[in-house]
Amino acid sequence: CGSEAPKFGGFALSIGLDDEAEAKRLFDLLAEGGKVEMPLGKTFWSPCFGSLTDKFGLDWMISVAPKEEKKTS
């Protein structure tokens, strides 16, 4: 039996939120001791998206759902 930590690969956990402030709070907490792969920022599919690997080696994606535009008649 080795003392090497388990390695996780081939998947990422995803959290979808409605609030950018909450996304930033969770992203910053998960990033502590880990590695940011893509800082939080605007993308073509989300007003706020980022990815990271936490201190345990788990990959995470944090995103905020885009606001729905109101349709006018």
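## Strands and how they pair

Two strands count as paired here if DSSP finds at least two bridges between them. In this predicted model, β1 and β4 (residues 59-64) clear that bar with five bridges, running in the parallel sense. One spot to look at in this pairing is S14, which stands opposite M61 in β4.

Stepping back, the chain has one helix and four strands. Going along the sequence, you meet them in the pattern β-α-β-β-β.

## The sheet as a whole

The four strands make an open sheet with mixed pairing, in the order β1-β4-β3-β2. The edges belong to β1 and β2 (35-41); each has a single partner strand, so one side of each is left without a neighbour in the sheet. From one strand to the next, the twist averages 10°.

Helix α1 (residues 20-31) packs on this sheet and touches β1, β2, β3 (48-53) and β4. The direction of α1 makes about 170° with that of β2.

## Two hairpins

The other two pairings are both antiparallel: β2 with β3 over four bridges, and β3 with β4 over six bridges. For β2 and β3, the two strands form a hairpin with six residues between them. If you want a residue pair to anchor the view, K35 has T53 in β3 as its bridge partner.

For β3 and β4, the hairpin has five residues between the strands. G57 sits in that turn and has a positive phi of about 90°. Within the ladder itself, G50 finds its bridge partner in β4 at I62.

## What surrounds β3?

How many of the six residues of β3 are buried? Six of the six, so β3 is largely enclosed by the rest of the structure. The cut-off behind that is under 20% relative accessible area.

In a regular strand, side chains alternate between the two faces of the sheet. You can follow two sets in β3: C48, G50 and L52 point one way, while F49, S51 and T53 point the other way. Residues in both sets are buried.

## Salt bridges on the helix

The structure holds two salt bridges. In one of them, the side chains of R25 and E22 meet at 2.9 Å, N to O. Both residues lie in helix α1, three residues apart, which is about one turn of the helix. R25 is partly exposed at 43% relative accessibility, and E22 is partly exposed too, with a relative accessible area of 27%.

K24 forms a salt bridge with D28, and here the closest N and O atoms are 2.8 Å apart. This pair also lies in helix α1, with four residues of separation, again about one turn. K24 counts as partly exposed at 46% relative accessibility, and D28 is partly exposed with a relative accessible area of 35%.

## A nonpolar patch and L13

Over on the surface, F8, F11 and L13 form a nonpolar patch with about 260 Å² of accessible area together. F11 is in the segment before β1 (13-17) and is partly exposed, with a relative accessible area of 43%. L13 belongs to strand β1. Its relative accessible area is 31%. Why does L13 qualify for a patch? Patch residues need over 30% relative accessible area, so L13, at 31%, makes the cut.

L13 also reaches far along the chain. Leaving aside neighbours within four places in sequence, L13 is in contact with L58, D59, W60 and M61. The C-alpha atoms of L13 and W60 are separated by 4.8 Å, although the two residues are 47 apart along the chain.

## Chain-wide numbers

Now for the totals. Of the 73 residues in the chain, 27% are buried. The chain exposes about 5,700 Å², with carbon and sulfur atoms supplying 57% of that area.

Among contacts in the chain with a separation of 6 or more, 39% come from residues 24 or more positions apart.

Definitions and conventions:
Residues numbered from 1 in each chain as written. Predicted model: local features only at pLDDT ≥ 70, side-chain atom pairs only at ≥ 80, totals over all residues. Heavy atoms only, no water. Patch = residues over 30% accessible without salt bridge, like charges linked within 9 Å, V, L, I, M, F, W, Y side chains within 5 Å. Areas by Shrake-Rupley, 256 points an atom, 1.4 Å probe, with all protein chains shown as cover. Salt bridge = Lys/Arg side-chain N within 4 Å of Asp/Glu carboxyl O. Buried < 20%, exposed > 50% of the residue type's maximum accessible area, 1.4 Å probe, protein only. Axes fitted to C-alpha atoms, helices over the stretch in contact; angles between N-to-C directions. Contact = heavy atoms within 4.5 Å.
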